[in-house]
Amino acid sequence: MSTTHLSQPTATTPGDTSFFGHPKMLASLFSVEMWERFSFYGMQGILLYYMYFTAAEGGLGIEQGLAAGLVGAYGGGVYLSTILGAWLADRLFGSEKVLFGSAILIMAGHLALAFVPGIPGLIAGLVLVGVGSGGLKANATALVGGLYREKDERRDAGFSIFYMGINAGALIGPLVTGWLQESQGFHWGFGAAAVGMAVGLVIYALGRKNLPEDAHRVHNPLPAAERTKYGLRFGAIAAVIAVLLATGIVNAENLAMSMAYAAIGASVLYFALIFSSKQVNGTERRRVAAFIPLYIASAAFWALFQQQFTFIAVYSEEKLDRNLFGWEMPAAWVQSINPVFIIIFAGVMAALWTRLGRKQPGSALKFSIGLFVMGLAFLAFIPLAGDGKTPLLALVGILFLFTLAELFLSPIGLSVTTKLAPAAFRTQMVALFFLSVSLGTTLAGILSGLYNPEDELPYFIGIGGTAMLLAVGLAAASPAIKKLMGGVR
């Protein structure tokens with residue numbers, strides 16, 4: 001972060017504590033992210049059901065396993081598109097403008113899902129929401145990171161508060177869309193998601209002028225002489241994608257695996273680009289090297305956590321006892337259980353990190369704890385294996401473990417990424433973190449296809465045990481990782 005940025009009379013100054021002890025602009029970013037998550041998770045809460053329910057039930061009649069893989073691929077695509085949003089911010093427009101344009105795309109995508117019937121509406125809606133969400137996620141996170149100095153001890157707590165806003169939207173969205181889907185139909189649910197994004201867009205538009213000057217800055221501007229070259233490169237990439245789809249080389253059946261390969265390839269290229277850049281000094285390179293094991297742990301974590309939208313969504317519809325005093329709860333409402341716990345405990349964790357200050361565990365150790373608990377959550381399914389219905393409280397308990405794991409890894413991941421990022425790659429480093437989420441989310445769709453309701457134990461033991469072993473390995477490596485971080489915690 002440049003000295004010019006630090007000298008700006010903005011919310012980045014240490015004395016700004018007007019929003020629960022944090023910079024006042026955290027409230028604005030909290031709001032736009034909350035409404036974007038309302039629309040995103042509201043749509044995603046009913047998306048899988050829309051794809052595999054029969055036409056008589058209002059769905060598209062896609063085979064269930066294929067639908068789950070496609071949902072995973074779509075989720076991976078959302079996070080993969082953070083690369084484009086981050087590049088546009090760092091090289092052409094700045095984070096604030098990209099965030100605003102991305103919000104408009106998201107709203108357009110939900111409108112397509114609401115008003116365009118069948119497969120065309122599904123494709124148009126998911127592409128627009130996916131690209132828009134990718135652009136918004138990377139830049140909202142980068143803007144939150146820009147509110148704090150590098151060693152401001154409030155940073156992790158600030159990201160936990162921001163994360164609470166994310167989950168407020170994630171809580172309300174599925175409740176609204178799930179109820180509308182069952183009472184009025186899927187398209188009413190998608191329409192509600194569009195309205196939610198519109199509300200967020202209006203609130204953000206009214207306050208965007210108050211963002212710090214750094215939010216509008218292009219940190220690594222693309223020289224005018226190179227714009228044609230990059231335009232041709234993007235055109236060539238688009239042409240290759242079009243050919244792969246048109247010839248059937250990439251199709252619905254292998255889309256998830258193709259997305260996983262794309263995420264891995266993009267990550268390798270990004271790491272190579274950062275390590276080879278002349279704008280990155282030795283200290284920054286060592287910090288990027290420290291990020292590699294965190295990237296791997298993050299991908300493994302999200303491969304389990306994002307199964308809320310694949311395996312657990314199907315499990316909730318088919319095996320969960322959702323009867324409450326004679327009324328059957330919509331299956332989509334299960335997606336709101338995790339956000340309830342996040343809202344309750346995110347503030348507790350934020351206060352804990354603030355209170356511990358320099359005594360809190362390092363980022364690598366927090367990651368290992370989160371991954372270990374995530375593995376434990378899948379092992380907790382073992383006593384429930386069998387032909388009987390799963391009690392709702394049992395799944396609530398498992399999703400509580402999901403929440404604890406998430407709070408140790410996800411907001412910390414966002415925070416440590418902004419701290420480890422080289423100055424010239426600030427937003428693009430955030431995109432690299434989201435690439436780990438992209439890979440994990442895609443794997444969540446692929447792994448859910450391995451679940452066999454007739455023989456559940458190998459699935460739970462294999463996935464849960466592997467995550468716990470990776471967590472132990474990361475904990476053992478944490479002292480070496482801390483040394484590479486060069487003073488960053």
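Okay, let's start with a pair of neighbours: R37 forms a salt bridge with E36, and their closest N and O atoms are 2.6 Å apart. Where do these two sit, at the surface or inside? Both R37 and E36 are buried. Before I go on, keep in mind that this is a predicted model.

So how confident is the prediction? The average pLDDT of the protein is 84, and 94% of the residues score at least 70. Now look at the start of the chain. Over residues 1–13 the pLDDT is below 50, and beyond near neighbours in sequence this stretch has 24 contacts in the model. Helix α1, residues 3–6, has the lowest mean pLDDT among the elements, at 31. At the other end of the scale is helix α14, residues 363–379, with the highest mean, 93.

Back to salt bridges. How many does the model have? The count comes to three, and R37 with E36 was one of them. Another joins E317 to R322, where the closest N and O atoms are 3.9 Å apart. With a cut-off of 4 Å for a salt bridge, that pair makes the list. What about their surroundings? E317 has a relative accessibility of 26%, so it counts as partly exposed. R322 is at 5%, and because buried means under 20%, R322 counts as buried.

Then there's E456 with K319, whose closest N and O atoms are 3.1 Å apart. This pair links distant parts of the chain, 137 residues apart. E456 is in the loop between α16 (426–448) and α17 (457–484), while K319 is in the loop between α12 (311–318) and β1 (320–321). Both E456 and K319 are buried.

Next up, the aromatic rings. A search of the whole structure finds 37 aromatic pairs. Take F40 and Y74: their ring centres are 6.4 Å apart and their planes are at 25 degrees, so this pair is stacked. F40 comes from helix α2 (residues 25–52) and Y74 from helix α3 (residues 64–80), so to speak two distant parts of the chain, 34 residues apart. F40 is buried, and so is Y74. For another arrangement, look at Y451 and Y459, which form an edge-to-face pair, with 5.5 Å from centre to centre and 70 degrees between the planes. Y451 and Y459 are buried too.

Which residues do ring pairs link into a cluster? Y451 and Y459 belong to it, along with F301, W302, F305, F311, Y315, F378, F381, F402 and F460.

Let me pick F402 out of that cluster. You'll find F402 in helix α15, residues 392–420. Its relative accessible area is 0%, so F402 is buried. What does F402 touch, leaving out residues up to four places away in sequence? The list is L304, F305, Q308, I312, N338, M374, A377 and F378. Take F378 from that list: F402 and F378 are 24 residues apart in sequence, with 9.1 Å between their C-alpha atoms.

N338 was on that list of contacts, and N338 takes us to helix α13, where it is one of the buried residues. The others are I337, P339, F341, I342, A346, M349, A350 and W353. Here's a quick check on this helix. At 1.5 Å a residue, the 20 residues of α13 (residues 337–356) should span 28 Å, and the end C-alpha atoms are 28 Å apart, which agrees. There is also a kink of about 35 degrees in α13, centred on F345. Right after the helix comes G357, with a positive phi near 55 degrees.

F325 has a phi near 55 degrees as well, a positive value in a residue other than glycine. F325 lies in the loop between β2 (323–324) and β3 (327–328). Is F325 buried or exposed? At 88% relative accessibility, F325 counts as exposed.

One last loop: S277 lies between α10 (255–276) and α11 (282–305). S277 counts as buried because its relative accessibility is 11%. Setting aside residues up to four places away in sequence, S277 touches R285 and F425.

That's my tour, thanks for listening!

Conventions: Residues numbered from 1 in each chain as written. Predicted model: local features only at pLDDT ≥ 70, side-chain atom pairs only at ≥ 80, totals over all residues. Heavy atoms only, no water. pLDDT = per-residue confidence, 0-100. Helix = DSSP H or I, 4+ residues; strand = E, 2+ residues; numbered from the N terminus. Contact = heavy atoms within 4.5 Å. Buried < 20%, exposed > 50% of the residue type's maximum accessible area, 1.4 Å probe, protein only. Expected span 1.5 Å × (residues − 1). Bend = angle between axes of the 7 residues up to and from the residue. Salt bridge = Lys/Arg side-chain N within 4 Å of Asp/Glu carboxyl O. Phe/Tyr/Trp six-rings, centres within 6.5 Å; stacked < 30°, edge-to-face > 60°.
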